[in-house]
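Biologist: I am new to reading models like this one. Could you walk me through a few features, one at a time?

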Amino acid sequence: MPSLRIPTPLRSYAAGQSEVTLQGETIDAVLQDLIIKYPTIQPHLFNGEGSLRPFVNLFLGEDNIKDLNGLATPLKANDRLLLIPSIAGG
Amino acid sequence: MLPILSREEILRYSRHLLIPEVGLEGQGKLKAASVLVIGTGGLGSPTALYLAAAGVGRIGLVDYDVVDDSNLQRQVIHSTSGIGMLKVESARRRLLDLNPGIQVEIYNEPFTSANAMQIAADYDILIDGTDNFPTRYLTNDLCVLLGKPNVYGSIFRFDGQVSVFDARHGPCYRCLFPEPPPPGLVPSCAEGGVLGVLPGTIGTLQATEALKLILGIGEPLIGRLLLYNALDMSFEFVKLKKNPNCKVCGPNPEVTELIDYEAFCGVPGHDHEEGTVGSGLDINANELAQRIEQGNHLTLLDVREPHELQISSLQGAVNIPLGQLAGRLSELDSADEMVVFCKSGTRSARALELLYSAGFRKMKNLRGGINAWAREVDPNLPVY
């Protein structure tokens with residue numbers, strides 16, 4: 001099953017986990033599974049219309065999904081998604 | 001013509017001169033180089049220290065803060081004897097003690113659209129060591145407009161990010177983050193905390209990238225973002241591409257001069273602690289103490305994380321962490337008068353917005369949070 005790496009700022013919304021395993025054959029499906037399992041993470045990733053917030057960057061391996069097929073990008077069983085947050089601390 | 005090194009400099013930099021990639025010529029490049037370090041906090045501290053030690057000839061420091069006790073857990077350029085000093089003065093003192101042969105120029109002022117062009121114009125490289133989104137977008141746009149590299153580093157708790165944004169050769173910060181997160185969604189280090197050594201790791205990587213850029217060696221992090229996690233001890237890289245629709249570095253830019261970045265981000269250009277939602281909804285610590293003494297029935301809502309209650313707490317307060325508030329509104333009665341507080345007033349301000357949108361009207365925000373209570377009402381409580 002594909003996995004998703006959760007960055008520190010969002011871990012409290014995913015039961016403290018750094019990496020979660022999810023079901024789905026596309027990025028969209030995997031994110032829907034994420035929201036079913038961890039509903040409180042939803043507003044941090046999606047806006048009111050259900051699209052990914054512009055400051056949320058999802059990478060499949062090394063590639064931004066914007067440079068692939070976006071949310072429709074198909075996933076293989078061992079694929080790993082990286083969620084990259086906007087952080088500003090210094 | 002590169003500057004000639006003195007006998008003393010040859011001795012001081014001998015470990016550099018032994019590396020063929022640096023050598024006399026490279027050390028001359030370092031001596032001729034100028035770097036502007038924006039922010040002399042967690043990231044700026046190690047970055048400036050290593051740039052000074054390496055012999056970067058001219059270092060500019062921008063900050064407008066003073067050294068505070070709570071800085072010293074991570075801001076290693078400052079010291080206990082410097083508490084209360086201007087940060088730029090404290091940092092200059094340390095840098096010149098480390099290396100008297102360099103020039104250190106200081107700018108004791110907020111870095112804003114009004115002064116950024118003038119301050120940055122005369123430097124080769126900018127280091128983004130700031131602690132807030134407005135100054136990060138300002139630094140990015142400034143670098144794009146001036147055609148200078150932006151050595152970016154950013155931290156939160158155990159996570160760090162590093163990249164080199166140079167729009168002449170790759171993507172800029174806005175290509176990755178076209179818009180800032182809405183105010184309140186991403187906690188700052190003043191609210192969320194940070195492992196003290198984390199900016200050491202990230203700032204040192206920024207210094208490494210700056211030195212590589214000056215020397216023209218190796219593979220800079222242009223077009224790559226390094227993601228570091230201290231808990232997992234993981235370093236991961238992702239590829240960054242130029243966004244053809246980027247509003248500042250794309251072919252049809254909308255941003256052709258510096259803008260109002262505080263308005264753009266909806267937050268102030270600093271990571272200080274006086275969060276507030278407008279004076280009408282504020283209550284100060286003394287007023288609250290009076291109202292409690294008069295026997296007014298008040299619900300005290302503490303929106304901090306449970307582990308913070310071990311540091312300080314107010315008797316009788318209900319604890320619902322901000323992140324859980326939306327799902328636990330049913331535990332609160334909108335008919336009750338409520339005073340919401342956190343550490344310093346920022347998270348409670350967001351809690352007020354959330355409560356307001358859920359129909360609550362009888363609530364106030366404790367200005368300055370429990371830290372203000374500790375300073376003004378109960379000196380037995382620690383300030384953190």
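Modeller: Happily! In chain B, the C-alpha centres of domain 1 and domain 2 lie 35 Å apart. This is a predicted model, where local features need pLDDT of at least 70, side-chain atom pairs count only at pLDDT 80 or more, and totals for chains, interfaces and linings use all residues. Residues are numbered from 1 along each chain as its sequence is written, while chains are lettered from A and ligands numbered from 1 in the order in which they are written.

Biologist: Where do the domains of chain B begin and end?

Modeller: Domain bounds come from an automatic or database domain assignment. Here domain 1 covers 33-265 and domain 2 covers 279-376.

Biologist: How do I read the crossing of H4(B) and H10(B)? At what angle do they cross?

Modeller: Helices (H or I, at least four residues) are DSSP runs, numbered from the N terminus, as are strands (E, at least two). Axes are lines fitted to C-alpha atoms, for helices over the stretch in contact, with angles from 0 to 180 degrees between N-to-C directions. The axes of H4 (residues 44-54) and H10 (residues 198-215) of chain B come within 7 Å and cross at roughly 40°. Angles under 35 degrees count as roughly parallel, over 145 as roughly antiparallel, 65 to 115 as roughly perpendicular and the rest as oblique. H4(B) and H10(B) are therefore oblique to each other.

Biologist: How many residues does each chain bring to the contact between A and B?

Modeller: Two residues are in contact if their C-beta atoms, placed from the backbone, lie within 7 Å. Chain B brings 39 residues and chain A brings 24 residues. On the chain B side, E8(B) gives the most, with four residues.
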